[in-house]
Amino acid sequence: MTFETNDQAHVTPISRPFGLRVTGEIDYGNHRLLAGALHRAIREGGEEIRLDLGELAFIDVAGLRVIVTAAARLSPPRRLILDPISPVVRRLLAVTGWEHIKGLRMG
């Protein structure tokens, strides 16, 4: 099943490894799409939830905040793994200083 909005972003569940593939653009207008899918994945997932962000063309701070907030709320040893990760996401994490958030790992 694919969750999508305005043909800008696609969030697709993946089973192995368990998680979500996010493509397109995530911004303030559609970040709730990612939040809802990530909430379900965390509720249904195990110790590791993967986010495939390799084909994500753009994400703003609202979208990135969804990811880091979800990761920070995970109780150890659970973690959110960003793998693969697009250069734009890696750069934004570094600029904001959120790359070291508890519960968040980059592949």
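**View 1. V89, L92 and L93 are the buried residues to look for in α3.** They share one side of α3, because they cover an arc of only 100 degrees around the axis. (The arc is that of the directions from the helix axis to the C-beta atoms.) What you're looking at is a predicted model: local features need pLDDT of at least 70, side-chain atom pairs count only at pLDDT 80 or more, and totals for chains, interfaces and linings use all residues. Residues are numbered from 1 along each chain as its sequence is written, and side-chain values use heavy atoms, with hydrogens and water left out. "Buried" means under 20% relative accessible area, "exposed" means over 50%, and "partly exposed" is in between, using a 1.4 Å probe and protein chains only. Helices (H or I, at least four residues) and strands (E, at least two) are DSSP runs, numbered from the N terminus.

**View 2. Here's the surroundings of α3, inside and out.** Turned away from the buried side, the other face of α3 carries the exposed residues P87, R91 and V95. The cover over its buried residues includes β4, β5, α2, β6 and β7 (104–106). Right after α3 comes G97, with a positive phi near 80 degrees. For background, most residues other than glycine have a negative phi.

**View 3. α2 and α3 cross at roughly 80 degrees.** Their axes come within 11 Å. So α2 is roughly perpendicular to α3. Axes are lines fitted to C-alpha atoms, for helices over the stretch in contact, and angles run from 0 to 180 degrees between N-to-C directions. Angles under 35 degrees count as roughly parallel, over 145 as roughly antiparallel, 65 to 115 as roughly perpendicular, and the rest as oblique. At the meeting point, V61, L64 and V68 from α2 touch V89, L92, L93 and T96 from α3; contact means heavy atoms within 4.5 Å.

**View 4. The largest nonpolar core has 31 residues.** Within this core, L51, I67, L80 and L93 have the most contacts. At least two core residues come from each of β2 (9–14), β3 (19–26), α1 (31–44), β4 (48–53), β5 (56–59), α2 (61–72), β6 (79–85) and α3 (87–96). A nonpolar core is a set of buried Ala, Val, Leu, Ile, Met, Phe, Trp, Tyr and Cys residues joined through side-chain atoms within 4.5 Å. Zoom in on L51: not counting residues up to four places away in sequence, L51 touches L20, V22, L38, I67, L80, I81, L82, D83 and P84.

**View 5. E47, E48, R50, R79 and D83 are linked in a network of salt bridges.** A salt bridge is a side-chain nitrogen of Lys or Arg within 4 Å of a carboxyl oxygen of Asp or Glu, and the whole structure has 6 of them. R50 pairs with E48, with their closest N and O atoms 3.7 Å apart. E48 also pairs with R79, this time at 2.5 Å from N to O. Because R79 lies in strand β6 and E48 in strand β4, that second pair ties together parts that are 31 residues apart in sequence. D83 and R50 form another salt bridge, with 3.2 Å between the closest N and O atoms. D83 lies in strand β6 and R50 in strand β4, so this pair links parts that are 33 residues apart in sequence. E48 counts as partly exposed, at 32% relative accessibility, and D83 is partly exposed too, with a relative accessible area of 31%.

**View 6. I49 sits in strand β4.** I49 counts as buried because its relative accessibility is 0%. Its C-alpha atom is 5.8 Å from that of F18, a residue 31 places away along the chain. Leaving aside neighbours within four places in sequence, the contacts of I49 are F18, G19, A41, I42, R78, R79, L80 and I81.

**View 7. Two cis peptide bonds to spot: R16 to P17 and D83 to P84.** Omega is near -5 degrees for the bond from R16 to P17, and near -5 degrees for the bond from D83 to P84. P17 lies in the loop between β2 and β3, while P84 is found in strand β6. In general, most peptide bonds are trans.
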